[in-house]
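Biologist: I am new to this structure and would like a close look at one part of it, namely the side chains and how they meet one another. Could you take me through the aromatic rings, the core and the charged pairs in one connected account?

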Amino acid sequence: VYTPSDDVVYRLRNVGSGKYLNVHNGVDANTTNVYQWTADGTIEQNFRLEYKSNGTYHIRAMCSSNGTNRVLDIVKSGGVVASGCNVEIYNPTDPVAQEWLFYDMGNGMYKIVPASNTSVALTSYGSSNGTSGGQTSTSAGNVFVSTYTGNTNQLWILEPVP
């Protein structure tokens, strides 16, 4: 397990698509979809990693009260984190769906997994920009968790925001 710097703001670039993790239009509301988008330098592509005492991280959306409110969240299926579950932002209320681990895969690439189910990883679908309504594992540009296979669409580069 890799331990990124605490309280540093990053942009997370998908290795497969070259696009960035992005909160839809920077909307600061529970259940706002997260997807990949072309680099645009906006705050909706900035995330602050907050180290938790149990060794996990909250991935805080900077478009949400300057990173003090909503976090990256997994929409659970039947109460569990499973392959195919969508990713959104939500108030930090559910450790099972909101605590993440980072694995250093070499060459500056990281696998980002929910601590509650390390067999799945943060994944983007295809190379298109995502949409607010495209919330399935086959929606163009959507970000979700899926069984880790080592594909480049499951690897991320952490770029510190100056």
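Modeller: In this model, which is predicted, the count of aromatic pairs comes to four. In one of them, Tyr35 and Trp37 have ring centres 5.9 Å apart and planes at 55°, so the pair is tilted. Its two members sit in unlike surroundings, since Tyr35 is buried with a relative accessible area of 3%, whereas Trp37, with a relative accessible area of 30%, is partly exposed. Another pair is made by Tyr51 and Tyr57, which meet edge-to-face, with 5.3 Å from centre to centre and 70° between the planes. Here Tyr51 counts as partly exposed at 39% relative accessibility, while Tyr57 is buried at a relative accessible area of 1%. Ring pairs also bring in Phe102, so that Tyr51, Tyr57 and Phe102 are linked into a cluster.

Two further rings are accompanied by a charge, and in both cases the charged residue is Lys111. Lys111 lies over the face of Tyr103, at 4.9 Å from the ring centre, and it also lies over the face of Tyr148, where the distance to the ring centre is 4.3 Å.

From the rings we can pass to the nonpolar interior. The largest nonpolar core has 28 residues, and those with the most contacts inside it are Leu21, Leu72, Val87, Trp100 and Leu122. Strand β5, which covers residues 57-61, supplies the largest share of this core, with three residues. Taking Trp100 as an example, and leaving aside its neighbours within four places in sequence, one finds it in contact with a list of residues that includes Tyr57, Ile59, Leu72, Val87 and Leu122.

The cysteines can be described briefly. A search of the whole structure finds zero disulfides, and of the cysteines, Cys63 counts as buried at 12% relative accessibility, as does Cys85, with a relative accessible area of 5%.

A polar residue is worth a look before the charged pairs: Asn46 is placed in the loop between β3 (32-37) and β4 (47-51), yet it counts as buried at 12% relative accessibility. Not counting residues up to four places away in sequence, Asn46 touches Val9, Tyr10, Arg11, Arg60, Ala61, Met62 and Val161.

As for the charged pairs, the count comes to six salt bridges. In one of these, the side chains of Asp7 and Arg48 meet at 2.6 Å, N to O, and the pair links distant parts of the chain, with Asp7 in the segment before β1 (9-14) and Arg48 in strand β4, 41 residues apart. Asp7 is partly exposed, with a relative accessible area of 45%, whereas Arg48 is buried at 14%. Arg11, already met as a contact of Asn46, forms a salt bridge with Glu159 at 3.0 Å, N to O. Arg11 lies in strand β1 and Glu159 in strand β12 (residues 156-160), so this pair ties together parts that are 148 residues apart in sequence. Glu159 itself counts as buried, at 17% relative accessibility. A further salt bridge joins Lys76 and Asp94 at 2.6 Å, N to O; Lys76 is in the loop between β6 (71-74) and β7 (87-90), and Asp94 is in the loop between β7 and α1 (95-98), 18 residues apart. Of these two, Lys76 is partly exposed, with a relative accessible area of 30%, while Asp94 is buried at 18%. Finally, salt bridges that share partners join Arg11, Arg13 and Glu159 into one network.

Note on methods:
Residues numbered from 1 in each chain as written. Predicted model: local features only at pLDDT ≥ 70, side-chain atom pairs only at ≥ 80, totals over all residues. Heavy atoms only, no water. Disulfide = S-S within 2.5 Å. Buried < 20%, exposed > 50% of the residue type's maximum accessible area, 1.4 Å probe, protein only. Phe/Tyr/Trp six-rings, centres within 6.5 Å; stacked < 30°, edge-to-face > 60°. Lys NZ or Arg CZ within 6 Å of the ring centre and 35° of its normal. Core = buried A, V, L, I, M, F, W, Y, C linked by side-chain atoms within 4.5 Å. Helix = DSSP H or I, 4+ residues; strand = E, 2+ residues; numbered from the N terminus. Contact = heavy atoms within 4.5 Å. Salt bridge = Lys/Arg side-chain N within 4 Å of Asp/Glu carboxyl O.
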